[in-house]
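Visitor: Could you take me slowly through one part of this model, explaining how its pieces are arranged against one another?

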4 protein chains.
Amino acid sequence: MLRIAYFGPQGTFTEQAAREMAPQDEFVAADSVSAALTTVRDGVADAACVPVENSVEGAVAATLDSLAAGDPLVAVAESLLPIRFSVLTREPDTEIRTVASHPHALAQVREWLATNLPEARAVAASSTAAAAVAVHDGEYDAAVAAPIAARHYPLHVVATDVADVADARTRFLLVRQPGSLPDPTGADRTSIVAVTTNRTGALAGLLDELASRGVNLTRLDARPRQDTFGEYRFFIDVEGHIAEPRVGEAMMALQRRCDLRFLGSHGRADGVRPTVGAGADNDDFAAAATWLAQVRAGKLA
Amino acid sequence: MLRIAYFGPQGTFTEQAAREMAPQDEFVAADSVSAALTTVRDGVADAACVPVENSVEGAVAATLDSLAAGDPLVAVAESLLPIRFSVLTREPDTEIRTVASHPHALAQVREWLATNLPEARAVAASSTAAAAVAVHDGEYDAAVAAPIAARHYPLHVVATDVADVADARTRFLLVRQPGSLPDPTGADRTSIVAVTTNRTGALAGLLDELASRGVNLTRLDARPRQDTFGEYRFFIDVEGHIAEPRVGEAMMALQRRCDLRFLGSHGRADGVRPTVGAGADNDDFAAAATWLAQVRAGKLA
Amino acid sequence: MLRIAYFGPQGTFTEQAAREMAPQDEFVAADSVSAALTTVRDGVADAACVPVENSVEGAVAATLDSLAAGDPLVAVAESLLPIRFSVLTREPDTEIRTVASHPHALAQVREWLATNLPEARAVAASSTAAAAVAVHDGEYDAAVAAPIAARHYPLHVVATDVADVADARTRFLLVRQPGSLPDPTGADRTSIVAVTTNRTGALAGLLDELASRGVNLTRLDARPRQDTFGEYRFFIDVEGHIAEPRVGEAMMALQRRCDLRFLGSHGRADGVRPTVGAGADNDDFAAAATWLAQVRAGKLA
Amino acid sequence: MLRIAYFGPQGTFTEQAAREMAPQDEFVAADSVSAALTTVRDGVADAACVPVENSVEGAVAATLDSLAAGDPLVAVAESLLPIRFSVLTREPDTEIRTVASHPHALAQVREWLATNLPEARAVAASSTAAAAVAVHDGEYDAAVAAPIAARHYPLHVVATDVADVADARTRFLLVRQPGSLPDPTGADRTSIVAVTTNRTGALAGLLDELASRGVNLTRLDARPRQDTFGEYRFFIDVEGHIAEPRVGEAMMALQRRCDLRFLGSHGRADGVRPTVGAGADNDDFAAAATWLAQVRAGKLA
């Protein structure tokens, strides 16, 4: 049984994602993304589950920054969770005058509350799970929380699938120390961090290396480095697995051009397979390698 | 006197930025970034001050998404605020057992609290200003808030310049309806949103158009469009002013290649002037235009 | 009436091309391509007709080198002549034992001679016209010459359209001093010489400037400069007229990046119209210019 | 002893180049470049010596076209011959009234003849060697020929190093059937033919593949294909040997993008070593391959 750290407390979406990616394992909550990753770097946990991007809020900066610095870690799986809240009370038929949650969660259900609980006052909590605890303790009437919160605290579920934006989703990563990579599935994602100087065309040059090999971006975040003014870190996700020839060659090209850190190759939660242009699929790369070997051996011109 | 909306409540860093960019004006708080921008779109306010990026948290997704959709708005100024908090109490020499703030602010002063107020319990509030109000109301002992909060509420300043990351900064924009652009200052920033299909190399192609004209990126955020699956919006900031030939030509190239929205040209808060490569400064562009006119007139070959 | 110099002697394909491009004018033969161009540079002739490329032999180096150096000249028209020879004798029914021509011409009719005049001995002459003269003088039995030779010398035409390669063609230019350009026809060619250092990627960079504006190459010759070791001259022909926005902008980009000489814009002899990609036709460029003007005027975002 | 065909007749510069590249071998003259290559394709000769480019005339179209079509051949050596002529007579102190040579050679010594033999009449011959034979036969007074002509025919050398352009040079190739490649020397040249459709940017795309790997062009000729209208053949010479990682990877990229024929890798006659940009030397490629292997093995991130 593996020990999985997650950005807690327990009862949050992150725990839910962790249990989805590693159902038989043991889970420990950590105070922050950074703390969760430290437990893995220190060997205290075998893996960590952390959020990496949200379709409404965008990239989770704390996760990206923590993965980019410190000892290397790699993502070996991902989970894409719809962000739909449950509204929890201590008793059925409670009259709801106060609703607690993390301010971000409150922002995501503002319209629902205005329609369904127009009289209720929204109260900030430090996390959605903390709100559930506070409701359980009788401090507030209702909590807007992750569905999994109801598993930890004996609360009554008043409503489910509550969300103003219907298809908001958060992507989570399961991160380990470097080790054998997951096998390619045909619908994979490879993540890297590239550090390059703030020179005109530096990023364009990197993206050209990907495009010329038919490697499609699925995500790009450019963040200034906090320690070195004027340098950027580019967090890049591409379609495909580093075990594939076309992705491998593209990664070598980036490794030659910039300071590169590999953040993992693993199956995509959405199962989307890459669309590869003419001359850029793995068979084309294999054929080119065969051609080169024959030319070098003098068997072809 | 202009009427400036800002993402409130009053007493936040956003108000502070608004007052810095428009000192003589009248200010009104709005409930959300989106609401602040709506007041400008509706003509209720003349301009809005909204946060656009934070050096720790990254891009402010709500701002980017609100600028990209709806009636066009343009940024005419920016402000770069160091994010250093003040700790406020109702009375001097209060014994501090509870410290309230927005969870993000609490996260940014965690170490300071551990060192300076190890016994205090952190309590979530819906904003740093709401925490100040709660302290004023006697609900909690101390608030971690923007310095400007002390201007609105008669609180005692226990500590200033509190921040675990010393140089955390947030950049704010002053946004208006389209109208005459600010004059170029020589140290300008131009912002755009480019929408392109998720085709291999689409982004690389856009960046090549910038790089080939010596136009340097200062920021790039790629966000999936929520309404059209598989399409991305690229939020791009570049060095220079759209009134400059090299920037203007680059923008025309992007306009031909993708769905482009102009988000403004204005002076940079940090005063950094562009470094332009050989053949790409405005004199070079002007010389090329003169050359072309002469060739077309048959006066040169 | 204009005075047209051509690379003579009279009775060659070059004279034929000159008469085709400038039917009412006066013609003077010159000893070499360089000499023909000098008469134009010196004002002795108004224009010169010179060969620029042959589908079998390739570029005519003497023409390219003469256009690239010295006072600027521009091409204002072109002619594409099929290279099919006539076989000429002094009398009908001559028994042909010797056949004279320029060695290049003899090489192009080798198979025809082997089939039709297997017993005849091939003899070198300094030009196809000189061969016609020698036949007229009784020195040899037959000449392989341009059809126009029969116009100057009273010779009998034994055969016409003689050529081993059926569709060999030579393209000729009519070259003048810089002056008003021919109007665009919709099927034009623009010619330039670009001089750049022998740096990795220098040529790729120039071609990218053309490709990104949808400007298609029709010809490219890279020739080492004779005066500066390690530098190249690139002779580039592209589709379109420099008066067109997309071609004009591309030319400005090259002018900024390298030492550029304009060699003319004129209608193509083959009438082929450019195929322009999405976003790169003249309407797209005009729309982008309108957009930019509106944005700069504050009327659009 | 190998059998070397060359574009004859004997006594030409091509024979001279052949003897330089293959001093101990047996030589046979061929009527044309194409015929010389056919003897190699048919196994009648082991190798052929053919001219490939001249600094004054440019590419030798017949050679390029013959290498691009038919069974594959590869160049295994090159020779760079200064084109300086000898003037040969049958007897010392001959009064020279007629000077014979190939018209190209006559064009290259025009000024010398005007200065040194102003009274002599120039007469065309089918080759420089044929002129020497004609002088030996008493037909003309003097021949302008390759120095080696004096080795075959007992003629008197009146002048040597005759050339209007002092440093005119022709490069010759020694061409064989595919077989083991020459070892890299550190100063190598690799030659290819790339066939691509006449699409905007097709050539730019190929050159970008070279430039992004630091592979420098030394020569580029674009020739229309005679058999397929609208398609081009690009004859490209680059610095480096296909056995080198950076050149090999570049060739694989071209092989994926177009119809590619390898024409050989061999030492450069001028001994010029490549200048390679940052991140693109062979050590960089080797380091990238090591990095990739470690990442794939899970030993690194």
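Guide: Before we look, one convention is needed: an angle of 65 to 115 degrees between two axes counts as roughly perpendicular, whereas an angle over 145 counts as roughly antiparallel. Please keep in mind that this is a predicted model. In chain A, helix α9 (residues 245–257) packs against helix α10 (residues 282–296) at an angle of about 70°, and their axes are 8 Å apart; α9(A) and α10(A) are therefore roughly perpendicular to each other. On the side of α9(A) the contact is made by A:P245, A:R246 and A:E249, and these meet A:N282, A:F285 and A:A286 of α10(A). Sorted by class, the residues in this contact of α9(A) with α10(A) are 3 nonpolar, 1 polar and 2 charged.

From these helices we can turn to a sheet in chain A, where 5 strands form an open arrangement in the order β8-β7-β9-β6-β10, with mixed pairing. Strands β8 (121–124) and β10 (156–162) of chain A stand at the edges with a single partner strand each, so one side of each is left without a neighbour in the sheet. From one strand to the next, the twist averages 25°. Within this sheet, strand β7 (residues 98–101) of chain A pairs with strand β9 (residues 142–145) of chain A in the parallel sense over 2 bridges, and the bridge partner of A:V99 in β9(A) is A:A142. Helix α6 (residues 128–136) of chain A lies across β6 (85–89), β7 and β9 of chain A, and its direction is at about 160° to β9(A).

Note on methods:
Residues numbered from 1 in each chain as written. Chains lettered and ligands numbered in written order. Predicted model: local features only at pLDDT ≥ 70, side-chain atom pairs only at ≥ 80, totals over all residues. Axes fitted to C-alpha atoms, helices over the stretch in contact; angles between N-to-C directions. Helix = DSSP H or I, 4+ residues; strand = E, 2+ residues; numbered from the N terminus. Parallel < 35°, antiparallel > 145°, perpendicular 65-115°, else oblique. Contact = placed C-beta atoms within 7 Å. Nonpolar A, V, L, I, M, F, W, Y, C, P; charged D, E, K, R; others polar. Pairing = 2+ DSSP bridges.
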